[in-house]
Amino acid sequence: MGTVHTLQKPVEILTLGLAGEAFALEAGIVSEILDLVPITLVPNGPKYAPGLINVRGKVVPLIDLRVLLGMEQAANSINTRIIVIETLLDNEPTTIGLLADKVYEVTGIDLQAIENTPKVGMTWPAEYIRGIGRHNGGDFLIVLDINAIFSSAK
Amino acid sequence: MTSTPTVVIGFSGETTIRQANDIAERLKHALASSDRVEVDCSGVTETDITFIQMMVAAHKSALAAGKVIELSAPARGPLLEAVTLCGAENGPRSHFWFEGRTS
Amino acid sequence: MANAPDPIETFRTEARELFELLETTLLDIEANPTNKELIDSAFRALHTIKGSGAMFGFDAASGFTHHVENAFDMLRKGQLAVSHELIEIALAARDHIRTLIEEPDAASPSEGEAILAQLAAVIGAPPLSLVPQQTQAKAEEAKELHTFRIHFRLAREALSMGANPLLLLKELQELGTCTTVTVTDQVPPLEELDPCGCYLGWDCILTTDQPASAIDDVFMFVIDDMELKVDVVEPEPKRLGEILMDRHELNAKELDTALDQQPKLGSMLVDKGLISPDTVAVALAEQNHIKKEAEKTAKADSADIRVPAKRLDDLMDQVGELVIAQARLRQLANSGNDVHLKSLVEEIERLSAELRDTTMGIRMVPIGSLFSRFRRLVRDLSRELGKEIVLTTSGEETELDKTVIERLHDPLVHLIRNSLDHGVGTPDEREASGKPRQGNIHLSAIHSGAQVLISIKDDGRGIDPARVRAKAEENGLIQPGAELSDSELYQLILLPGFSTAAKITSVSGRGVGMDVVKRAIDSLRGTIDISSTLGKGSEMTLRLPLTLAIIDGMLIRVGEGRYVIPLSAVEECVALSAEDDLRATGRDFLNIRDEVVPFIRLKTLFKVDAPPEEFQRVVIVSAGDMRVGLVVDQIIGDYQTVIKSLSKIHSSVQTFSGATILGDGTVALILDVPRLIELGQDSETQKKAS
């Protein structure tokens, strides 16, 4: 049985590509989108957080969502982007960079379109997914729950 | 000139910052409805600087509008203590606090 | 209004300072019972707590304090004498008042009554004094009277924040003879008045025998947000014209014009032939001079300013950013040929270094403020344990960052308690071993290079290496028969789950908590050294880095990655020849100038998959007495860097204490030297243990 998430207004989302699949995340938490910058690797660090980057003088951890979602990690290309977000980590506001193979656009998704449908085969942890929406009346989009991803990634 | 009847408003119990907004409303209302306002403070058991300040403001308003506002009787008890602390006897408005009603 | 500071919390913060002052003063009075200034100071502190407590609604505290204040008033007047008992009661009273203010629900009324009963008994009893009777009989010196002109005005929202001007006026009037006038010119008409706002000001002329500080004390809890002007006034009656001028009702010009129309006293006298014009001139000059002198000494402008801690944190962050940006600028300038640019960049570098030093200095506070808090602890605890122990200190003026000092409090309390409980013996025990009955704990602090060394030294029993070994073996921390030096043994005390306490006393509680101390010092990026001589005493030395945020670092390369080593930890660098490298394969130590040094190949530690390079180097780092050699591929150079903490995602990765941004904009990780040394030692110890 699907439950409908009732959000109060049309939600702005950022669409991105990871390992060939399209995902979306809440645009409200996105502060900027960067081209690929030098990444400093952290030896013996967690697999999903391979390195650190410099964002306007701030040292920001870089997260590879593909690892968290159990997907294949392709090499970086000219399309690779880093999405800088502000989110809560252990209840503390933290700046984090998300590695994306491709970034599409910021767009609106309206509330009826976000439904929690188990019909689509879930190959990745269900708790990371906020819901599925239909994008421009066309493709299905998986809307990620960033907070959930970070609270369980430890 | 038709003279309006004197409006007497009485304050009793606490007249502190906690009652300040209400006190302000009552004073404004009284001044709006008459040219003579008498304030009876004999029932005041506790007061603070907001009340004294309010009286000063009311006095200024009355003066500006050509009206009269007076105490029913010279200040007593807690009110007297408070105005004494403020050095009312040394100020320009001492008659307001220490003479009370003039008619 | 959601973000307005809670007035009760503000009061509590201010009160905390008063409590500390009161405690120190009481202890000082015990040591110097004839010092009148100390007694006055304690009285004034109690008086302020009483008054302001009432103002903020702490009626129980205020009422209680009133009694203690009375006792000190009697002390002041010589009607009561200082005694150990009185100080004891006063200290207990101070604690009780503090509870009443900080945790009113936890206060016990019966405890308060008991203290007051004891106080009454002491007051009623014939004076068994610390002071010989003769000096008490000395009449009180006639106190000098001063007249002050006080003008004050509270902030608009002060009343809704709990300020009570009537109480303030009452306090002032209690200081002496006071004439008050309320200034009402800023009160708007009723229609425009905010009933809860404060539009009034007050002018008071106060003649008192108290110093000006007593006036400041009255306003202590509202001082942050108000206008206060205190001027000394000559006690002789002033002429009307002067008074009007002083109150700014009249300006000099107006006064002069009016006076000009009046014949001058001086000229009148000269005309009458009574005095010469020179006499008048001299007298006028004197009059002016005294007036100017009085003006000069009247105002004591506070040289201090309170700043919210967050603003300082922000400032430090910004200075940090500036340091980074300036390093990048330097790199850019150095890569070019513009001479003017280079010299300008050097200038900016100098300025930012100065700014950095000044900013670092703002938060530096002498450690003495921390040391003095422990006097009471030692006094009370040693009594409780039936021991005689005195705390001495040195190096109180040594400065540390304020936050570091705060974080040192608990670890130091632990260490002192240890010495008190386990280290120093009872007077009888000490006498039996030929020591003086009174034991000593000595706290000291000193700067050493880029570090601060804080030591806690006692002249007690010392640490018994045999007992430590036995306990360590018992708890499986080392193998029986393992070879360890005494200092290595002592370091085991810092491991969790270790305890040599034969019995648990109420003082230290379960175990010794040394691992908690170690963790606290680790988090300050410091180390603990332990040394001891059995029968003579022990010494714990804390080594802490001096600055928290900006360090001088050495940039090194391991594989493709670059890392920073805090320069203060670097002892030396040596080359690692290919043969040495081969010789060291499969071993854990290097032979460097015939000295054996444990080493770590960072390439291996960081799991870098690359062939060994030709010109590797070994950076030998140390923390305390221990060293380790770090094998790196290249030493790039020195860098002044700002330490940025790692987010929770990476902070648990061992061996890195933070990150920084290099001149070219990339991120470099900062190596955690104490942790690396532990790793190096671990392999050593493990080797010995196996």
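**Chain B, two chain contacts and two nonpolar cores**

Chain B contains four helices and three strands. The model described here is predicted. Along the sequence, the elements of chain B run in the order β-α-β-α-β-α-α. The chain has 103 residues, and 41% of them are buried. Contacts in chain B were also sorted by separation along the sequence. Among those with a separation of 6 or more, 84% join residues 24 or more positions apart.

Chain B also meets chain C. Here 25 residues of chain B are in contact with 22 residues of chain C. On the chain C side, two elements each supply at least two residues: helix 7 (165-174) and strand 2 (176-183). By residue type, this side of chain C divides into 14 nonpolar, six polar and two charged residues.

Chain C has a contact with chain A as well. It takes 19 residues from chain C and 18 residues from chain A. On the side of chain A that touches chain C, at least two residues come from each of strand 4 (40-41), strand 5 (51-55) and strand 6 (58-64) of chain A. Strand 5 of chain A gives the largest share of that side, with three residues. The residues on this side of chain A comprise eleven nonpolar, six polar and one charged.

Attention now turns to the buried nonpolar residues. The largest nonpolar core holds 93 residues. Within this core, B:Met54, B:Ala58 and C:Ala42 touch the most other members. Helix 2 of chain B (residues 49-64) contributes the most to the core, namely nine residues. Chain C takes part through two domains. Domain 1 (7-137) and domain 2 (146-262) of chain C each provide at least three residues of this core.

The surroundings of B:Ala58 were examined in turn. Neighbours within four places in sequence were left aside. B:Ala58 is then in contact with B:Leu27, B:Leu31 and B:Ile69 in chain B, and with C:Leu190 in chain C.

Another core lies apart from the one that includes B:Ala58. This other core has 79 residues. Among them are A:Ile109 and A:Tyr128 from chain A, together with C:Leu669 and C:Leu676 from chain C.

Notes. Residues are numbered from 1 along each chain as its sequence is written. Chains are lettered from A and ligands numbered from 1 in the order in which they are written. This is a predicted model: local features need pLDDT of at least 70, side-chain atom pairs count only at pLDDT 80 or more; totals for chains, interfaces and linings use all residues. Two residues are in contact if their C-beta atoms, placed from the backbone, lie within 7 Å. Ala, Val, Leu, Ile, Met, Phe, Trp, Tyr, Cys and Pro count as nonpolar, Asp, Glu, Lys and Arg as charged, and the others, Gly among them, as polar. A nonpolar core is a set of buried Ala, Val, Leu, Ile, Met, Phe, Trp, Tyr and Cys residues joined through C-beta atoms within 7 Å. A residue is buried if 20 or more other C-beta atoms lie within 10 Å of its own, exposed if 12 or fewer, and partly exposed in between; C-beta atoms are placed from the backbone. Domain bounds come from an automatic or database domain assignment.
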